[in-house]
Amino acid sequence: MNINLSGPSTFVVSGIILLYIQWNIYNLFRDGYKITRSKQLRVITYAFLLFILATTSMLIINIWAILNPPDLPGIDEGLFRKISIMTYNSIFSIGLLLLLLSTSEKVAIDKDLSLEIVAIAGIGATILSIIAQLTTNIQIIEKGILATNIIVLLESTFLMSQYILYSEKEVITGRLWTLGILMIMFSRGVDILPEKPVTELFLILTDTVAFLLLFLMKKEAEIQVKR
Amino acid sequence: MKYRPDIVIILDILEAIGEEGSIISRIASYANMPIPRLREKLDIMIENGLIYEEDDNGRKVYRLTEKGIETMEKLRETVFMLRQLGLIPRDSYRP
């Protein structure tokens, strides 16, 4: 058995950076929710919790791959990478869905629909995650990655249109978020091409940069408030 | 101004009171809210220790507590982020 550890190690480093940023932003919205009990903030808080869960699952699978190199024939580092990406993408897509829902006035005012919708999406994502954990069939996992990539691409496209409708276009930091969403869209768009010109690592690295841009925005918010 | 998320409403009330304190009619006009609805919000904020009432020559003045000032800063940060993320409508807050 020969396992190359550079892939899982890069995943782990990116995962730790992602976790730090996601936890930091989650705390900001959780504090806001504690004060206001706003339904919109509750949904956003759940979305960030799911991002944290997605990253944690990805981290655990890759740490496990480093600590327990598999003995089974035909199982290599690439398989672990694909399993971790499929799990990450499935949970990440529910987080994005919640972020989209948080702008809906139905969620914010009339009725708390978020739990029902996340329950439905959660069942789908859980099935995909379980398939990812149980199977060592690379074709099944690749189809799963393709499906979740398409979902993430569609959600980020909706998020982008929401952003164009709601945001102040002249704000520079807002453009950072636009760039972040564009990077997520680009990485998923490229990964669904039949030629597969990029590896799964590219997805995680672009997500890390997208969240780093979000972190820069949070720093900008802190400076603005202190001014 | 159409739909305003709760977080923006609470921030507007806290900013209307400000560090100087304010009477209910001024808060209502700044926060663009009818007085009965505002009174409900103010009562909840008093219960949560964000503001307190004070008698000032027969007028009831609302003032921010330390916790209220901290909360106002935290909410400004949160609303700033929500604006930048495009998660609250453009016309729901003061620029």
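Buried means under 20% relative accessible area, and exposed means over 50%. The model treated here is predicted.

**Exercise 1. Chain B in outline**

Find how many helices and strands chain B has, their order, and what share of its residues is buried.

Step 1. Count the elements. Chain B comes to four helices and three strands.

Step 2. Read along the sequence. The pattern is α-β-α-α-β-β-α.

Step 3. Apply the burial cut-off. Of the 95 residues of chain B, 54% count as buried.

Step 4. Turn to contacts. Take those in chain B between residues at least 6 apart in sequence; 54% of them join residues at least 24 apart.

**Exercise 2. The sheet of chain B**

Work out the strand order of the sheet in chain B and say which strands stand at the edges.

Step 1. Pair E1 with E3. Strand E1 (residues 22-23) of chain B is joined to E3(B) by two bridges, and the two run antiparallel. Here B:Ile23 is opposite B:Val61.

Step 2. Pair E2 with E3. Six bridges link E2(B) and E3(B), again in the antiparallel sense. B:Glu53 faces B:Tyr62 in E3(B). B:Asp56 faces B:Arg59 in E3(B).

Step 3. Assemble. The three strands of chain B make an open, antiparallel sheet in the order E1-E3-E2. E1 and E2 of chain B are the edge strands; each has a single partner, so one side of each lacks a neighbour in the sheet.

Step 4. Add the helix. Helix H1 (residues 6-17) of chain B lies across E1, E2 and E3 of chain B. H1 of chain B runs at about 115° to E3(B).

**Exercise 3. Two positive phi angles**

For A:Arg37 and B:Asn57, give phi, place each residue, and decide: buried or exposed?

Step 1. Take A:Arg37. Its phi is positive, about 55°, although the residue is not a glycine. A:Arg37 sits in the loop between helix H1 (6-36) and H2 of chain A.

Step 2. Test A:Arg37 against the cut-off. Its relative accessible area is 54%, so A:Arg37 is exposed.

Step 3. Take B:Asn57. Phi is near 50°, positive in a residue other than glycine. B:Asn57 lies in the loop between strand E2 (51-56) and strand E3 (59-64) of chain B. The hairpin of E2(B) and E3(B) has two residues between the strands.

Step 4. Test B:Asn57. A relative accessible area of 77% makes B:Asn57 exposed.

**Exercise 4. Helix H2 of chain A**

Compare the span of helix H2 of chain A with the expected one, then find what caps its N-terminal end.

Step 1. Get the length. H2 (residues 39-67) of chain A has 29 residues.

Step 2. Get the expected span. At 1.5 Å a residue, 42 Å is expected for H2 of chain A.

Step 3. Compare. From first C-alpha to last, H2 of chain A reaches 41 Å, close to the expected value.

Step 4. Look at the N-terminal end. A:Ser38 caps H2(A) there. A side-chain oxygen of A:Ser38 lies 3.3 Å from the backbone nitrogen of A:Gln40.

**Exercise 5. Packing in chain A and the shared core**

Identify the residues that touch the most other members of the largest nonpolar core, then examine A:Phe92, A:Ser93 and A:Gly15.

Step 1. Start with the core. It holds 83 residues. A:Phe29, A:Phe48, A:Phe92, B:Ile13 and B:Ile51 touch the most other members. Helix H3 (residues 77-101) of chain A gives the most to this core, with 14 residues.

Step 2. Recall the background. In soluble globular proteins, nonpolar side chains tend to be buried together.

Step 3. List partners of A:Phe92 beyond four places in sequence. Among them are A:Phe51, A:Val152, A:Ile184 and A:Phe211. A:Arg188 and A:Asp207 also touch A:Phe92.

Step 4. Move to A:Ser93, in helix H3 of chain A. Its relative accessible area is 8%, so A:Ser93 is buried. Beyond four places in sequence, A:Ser93 touches A:Ile151, A:Val152 and A:Glu155.

Step 5. Finish with A:Gly15, in helix H1 of chain A. A relative accessible area of 0% makes A:Gly15 buried. Leaving aside neighbours within four places, A:Gly15 contacts A:Thr55, A:Met58 and A:Leu59. The C-alpha atoms of A:Gly15 and A:Ile52 are separated by 9.6 Å, with the residues 37 apart along the chain.

Notes. Residues are numbered from 1 along each chain as its sequence is written. Chains are lettered from A and ligands numbered from 1 in the order in which they are written. This is a predicted model: local features need pLDDT of at least 70, side-chain atom pairs count only at pLDDT 80 or more; totals for chains, interfaces and linings use all residues. Side-chain values use heavy atoms; hydrogens and water are left out. A nonpolar core is a set of buried Ala, Val, Leu, Ile, Met, Phe, Trp, Tyr and Cys residues joined through side-chain atoms within 4.5 Å. Buried means under 20% relative accessible area, exposed over 50%, partly exposed in between (1.4 Å probe, protein chains only). Contact means heavy atoms within 4.5 Å. The expected span of a helix is 1.5 Å times one less than its number of residues. A polar contact is a pair of N or O atoms within 3.5 Å; within protein, one must be able to donate a hydrogen and the other to accept it, and residues adjacent in sequence count only if both atoms are side-chain atoms. Two strands pair if DSSP finds at least two bridges between them. Axes are lines fitted to C-alpha atoms, for helices over the stretch in contact, and angles run from 0 to 180 degrees between N-to-C directions.
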